[in-house]
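Subject: Structure handover

Hello,

Here is the structure I promised to pass on. Please open it alongside this message.

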Amino acid sequence: EFNRRKKHALLDFFADARNPTLITFCRETKQMSLRTTLSRIIKMDKRLDMLVHERHVAARRKEAYSIIDRMIPDIIAEKSAALLDFFNNSRSCTLAEFCNKKKLGANTYTAMENIIEDSPSLSKFVDQRKSPEGRREASEIIEQMFAPKASEKTEPDKKRMKRMLMKFFRDSIGSSLAMFCKENKLEHYMSASMGRFMDKNGLSQLVDMRDVAERREEALSLIGQLLRNKSKNSTSEKETTNPNSPNSDVGAKTTTKTTRSPRADFFSLDDIKTIASKLDFEARPRMTRDGSKEIEVHDRKLPHEFLTLSIFDLSNRVLKGRSLSLKDKDAAIGSCAKLLFYDYGYKKVTGMSNLDTWERRLERAYLSGADTSPLQRNYEGSSAYTVKVEKEHPGLIEQLYEYTVECIGKEASFRDKAAFMNEKAMENREDDPTLPELRLDKVTLCRWVKRQSGVDAEGSEKTKSHAIGAVSLDQIEKKHPGLIEELYSFAVEALGADTSYHMLATCMNERSKEDVDEDPTLPLVVVSKLTLPHWIKRREGVTGASTGF
């Protein structure tokens, strides 16, 4: 009886929706005599001690229930089952032979022997086990012996708990379980039993969604189904499944269990935010969130059609049934987008500012049925300025460039050449108004010259898109031998050899920008703290050595 009280007190403590301290709980439930014992049991298991501070999470409460069941098994139920088995299924063997056959321990044998000896009404049926009437009367005596005391209610009435749970989900949409129990003046054991029932059957996840009719009806249907099976069918189910029953047929065990797949915890708002906050877009290699395989990181920026649809789907699953402010809703959608951009190998989250536009396009496609690819992006990029001029006036830029080279020389800078070509174009426009007024600069002219010469140089555009990675550095070294070595020597001389890779890379990048301004034909070198150590290893011929700060 003492074990039963300890176990139910611990279960009620973890199921209390108010999350009180242990001393407050024991004082309110008038169980101060158990406080020291309960505290000692909690501290015996480190995990259970940690879960005391996490009782507000349904999954943690459920974990605590399983630990308590393991630490304090229902000894009374074990003894009762063993006695029922002895009187109903052992016709002629002694108690010692029965315990040996069932492989029961010495403590169980001693306890059963003492119970039979202390009960004259039960001991007289030991020799009457062959009689159905004797077995039936012995079973009734055992059930009465192990029934809980009427003064110590540990399990509530099923019909009443069903009625209270129905009322909680149907009528008290805005209140918590603790507030509901206080308003309805429910006993503490009833409140704790309702909490445990909700935790074990997945109803705790539906508490915050009671304002949605679909979720509310799902909860009410589940309550009716579970408690109907446990109350109305408990007697018949017990008779058909209990092998210790005197009227049972061992071969006729038929039970009907109703299972329900609970709503996935993954789609809760807190879990999505937690997962998204732990994602590292800079980590290489990038692994999947379960660590099973590597994700290929690419340079694409805008989400493709399926990714956009996945963002809509995941956002709807997370936001379904929740009443949030616009700010919280945008934050939730941002977390969903971050998670999916990471999974699909993007370097960062982009293209989310016009999500409302895509949603309207999707809705119009559902209404009309004419657009089967409403989320497909039609962006193809813009044409270069020189391409547009050449399309309208073929050969004009080439003619002006040749004239400029003849006048100021081929060695002149691109800045001077572009200015000279712009002035010449203005003079030609005075003679022929159909000609355009050019607005060339050094970068535009440099790119045009490279296209005309057919040189696929590592200029500013291509180098920026492939800045991170050893491949672009190798290509630059092939076409411009000694360029990176010169930048590195300059950075070491300016900052010192003991400077961090981050500072050295920054100095090299700044120096490269200055060189490109002076000579646009040079590529823009972009080095990072990740690529610089690999380049230094190859430069020094070191393999397998570790470098760091």
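Below is what came out of the analysis, from the whole chain down to single residues.

Please keep in mind that this is a predicted model.

**Whole chain**

The protein chain has 549 residues, and 38% of them count as buried. It holds 28 helices and two strands. Its accessible surface comes to about 32,800 Å². Carbon and sulfur atoms account for 50% of that surface. I also looked at contacts between residues at least 6 apart in sequence. Of these, 64% join residues at least 24 apart.

**Aromatic pairs**

How many aromatic pairs does the structure hold? The count is nine. One of them is formed by Phe-168 and Phe-169. Their ring centres are 5.3 Å apart, with 80 degrees between the planes. That geometry is edge-to-face. Phe-168 is buried, at 0% relative accessibility. Phe-169 is buried too, with a relative accessible area of 0%.

Next, take Phe-281 and Tyr-342. Their ring centres lie 5.6 Å apart and their planes meet at 85 degrees, so this pair is edge-to-face. Where do the two residues of this pair lie? Phe-281 is in the loop between α16 (269–277) and β1 (286–287). Tyr-342 is in helix α18 (residues 326–343). The pair therefore ties together parts that are 61 residues apart in sequence. Phe-281 and Tyr-342 are both buried.

There is also an aromatic cluster. Its members are Phe-13, Phe-14 and Phe-25.

**Lys-417**

This residue deserves a look of its own. Lys-417 sits in helix α22, which spans residues 414–431. Is Lys-417 buried or exposed? It is buried, yet it has no salt bridge. The nearest side chain of opposite charge belongs to Glu-411, 7.5 Å away. A salt bridge would need a side-chain nitrogen and a carboxyl oxygen within 4 Å.

What does the Lys-417 side chain join through a polar contact? The partner is the side chain of Tyr-401, at 3.4 Å. Tyr-401 also appears among the residues in contact with Lys-417 once neighbours within four places in sequence are left aside. The others on that list are Thr-404, Ile-408, Gly-409, Lys-410, Ala-412 and Leu-445.

To find this site in the viewer, start from helix α22 and go to Lys-417. Then bring up Tyr-401 for the polar contact and Glu-411 for the opposite charge.

Best wishes

Technical notes. Residues are numbered from 1 along each chain as its sequence is written. This is a predicted model: local features need pLDDT of at least 70, side-chain atom pairs count only at pLDDT 80 or more; totals for chains, interfaces and linings use all residues. Side-chain values use heavy atoms; hydrogens and water are left out. Helices (H or I, at least four residues) and strands (E, at least two) are DSSP runs, numbered from the N terminus. Buried means under 20% relative accessible area, exposed over 50%, partly exposed in between (1.4 Å probe, protein chains only). Lys and Arg count as positive and Asp and Glu as negative; His and the chain ends are not counted. A polar contact is a pair of N or O atoms within 3.5 Å; within protein, one must be able to donate a hydrogen and the other to accept it, and residues adjacent in sequence count only if both atoms are side-chain atoms. Contact means heavy atoms within 4.5 Å. Accessible areas come from the Shrake-Rupley method with a 1.4 Å probe; for residues, only the protein chains shown count as cover. Rings of Phe, Tyr and Trp (its six-membered ring) pair if their centres lie within 6.5 Å; planes under 30 degrees apart count as stacked, over 60 as edge-to-face and the rest as tilted.
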